[in-house]
Amino acid sequence: MTPSTPTPPSAPDDDTRPGPTPIDDDDADSIDVVGRQIVVVEDDDGIALPLARTLAREGYEVDRVGEGGAAIERITGGDVDLVVLDLGLPDMDGLDVCRRVREQGYTGGIVILTARDGELDRVVGLDVGADDYIAKPFALAELLARLRALLRRSMQAPVASDDAAPGASDAAAASSFVVDTDARRVHAGDREIQLSTKEFDLLAQLDAQRGAVVTRERLMDEVWDENWFGSTKTLDVTVARLRQKLEEAGAEVRITTLRGVGFRLDEGAEDA
């Protein structure tokens with residue numbers, strides 16, 4: 001963390017004072033955050049301490065970790081719903097932390113918190129498994145809204161709509177590829193595929209209408225929602241990660257791109 005790194009608005013030191021005013025949206029009342037476990041990975045006390053106090057006042061259970069190695073151990077140790085991850089850690093880059101916890105099976109939400117706000121850095125962060133990316137300095141109310149949105153998405157199971165392709169449900173039932181929205185688990189045969197929160201949400205949306213085209217706009221609305229502030233390029237990055245994981249698992253499905261329209265989940269492996 002360099003001294004010049006800008007810091008977000010700090011929560012007050014006096015814990016008897018009210019927290020930040022929440023964003024006026026439906027998130028605040030649509031998800032119960034009490035008891036949800038958050039790990040804040042940030043070495044700067046000036047950012048981490050007021051942020052942890054604010055999250056605790058919102059009802060989260062908060063652990064603060066100041067180094068990447070300790071963060072990996074804590075996150076992969078279980079019982080972590082969300083991670084707020086700084087990139088400028090003293091012992092390793094936060095991108096490596098993100099990559100390694102995903103490789104070790106962590107599927108909860110990860111929000112990268114950093115002063116690197118260039119588009120390339122955003123894409124790299126999303127490519128290694130982050131679900132969201134917020135640049136410093138940031139508004140605490142915005143960060144809280146994004147965390148609630150991640151939790152809400154992780155708890156919602158998509159429902160197949162009436163415009164699903166004919167026979168889509170029959171094809172899904174006959175396939176050895178199964179997306180279990182209740183357990184939030186994906187299996188290709190007897191192999192489970194580890195996915196991040198956004199990867200699962202995106203795949204579940206496609207699977208709910210297997211064989212039918214789901215537009216880019218609908219996927220952005222359903223998976224990232226209308227409060228998403230970033231580029232839609234994150235959709236393409238997430239699709240690319242999904243394709244790689246499906247191929248590596250030998251899944252008998254493939255994601256087909258309809259350029260300028262959207263995506264479709266089809267039967268048959270990628271190289272079929």
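How many Å³ does the largest pocket have as its volume? The answer is about 430 Å³. Please keep in mind, as you turn the structure around, that this is a predicted model.

**The pocket and its lining**

A good place to begin is the wall of this pocket. The largest pocket has 18 lining residues, and Q194, R241, Q244, K245 and E248 are the ones that lie nearest its centre. By class, the lining divides into 10 charged, four polar and four nonpolar residues.

Which elements each supply at least two residues of the lining? They are α4 (94-103), β8 (191-193) and α10 (233-248). Helix α10 gives the largest share, with five residues of the lining.

**Where α8 meets α10**

Helix α10 is also part of a helix pair. Two packed helices are described by the distance between their axes and the angle between them. Here the partner of α10 is helix α8 (residues 197-208), and the two axes come within 10 Å and cross at roughly 85 degrees. Angles of 65 to 115 degrees count as roughly perpendicular, and α8 and α10 are therefore roughly perpendicular to each other.

On the α8 side, the contact is made by K198, E199, L202 and L203. On the α10 side, L235, T238, V239, R241, L242, K245 and L246 take part. Sorted by class, this contact has six nonpolar, four charged and one polar residue. Two of these names may look familiar: R241 and K245 belong to the contact with α8, and R241 and K245 are also among the residues nearest the pocket centre.

**A three-stranded sheet and its helices**

Next comes an open sheet of three strands, in the order β9-β11-β10 with antiparallel pairing. Its edge strands are β9 (213-215) and β10 (253-258), each of which pairs on one side only. From one strand to the next, the twist averages 25 degrees.

Strand β9 and strand β11 (residues 262-267) run antiparallel and are joined by three bridges. If you would like a residue to look for, try T215, whose bridge partner in β11 is G262.

Which helices lie across strands of this sheet, and at what angle do they run? The table sets them side by side.

| Helix | Lies across | Angle |
|---|---|---|
| α8 | β9, β10 and β11 | about 70 degrees to β11 |
| α9 (residues 216-224) | β9 and β11 | about 70 degrees to β9 |

Helix α8 thus appears in two places on your tour: α8 crosses α10 at roughly 85 degrees, and α8 lies across β9, β10 and β11.

Technical notes
Residues are numbered from 1 along each chain as its sequence is written. This is a predicted model: local features need pLDDT of at least 70, side-chain atom pairs count only at pLDDT 80 or more; totals for chains, interfaces and linings use all residues. Side-chain values use heavy atoms; hydrogens and water are left out. On a 1 Å grid over the protein atoms alone, a cavity is a set of points where a 1.4 Å probe fits but cannot get out, and a pocket is an open set with protein on both sides within 12 Å along at least five of seven lines; lining residues have an atom within 4 Å of a point. Grid points are joined across faces, edges and corners, and a volume is the space filled by probe spheres set on the points. Helices (H or I, at least four residues) and strands (E, at least two) are DSSP runs, numbered from the N terminus. Ala, Val, Leu, Ile, Met, Phe, Trp, Tyr, Cys and Pro count as nonpolar, Asp, Glu, Lys and Arg as charged, and the others, Gly among them, as polar. Axes are lines fitted to C-alpha atoms, for helices over the stretch in contact, and angles run from 0 to 180 degrees between N-to-C directions. Angles under 35 degrees count as roughly parallel, over 145 as roughly antiparallel, 65 to 115 as roughly perpendicular and the rest as oblique. Contact means heavy atoms within 4.5 Å. Two strands pair if DSSP finds at least two bridges between them.
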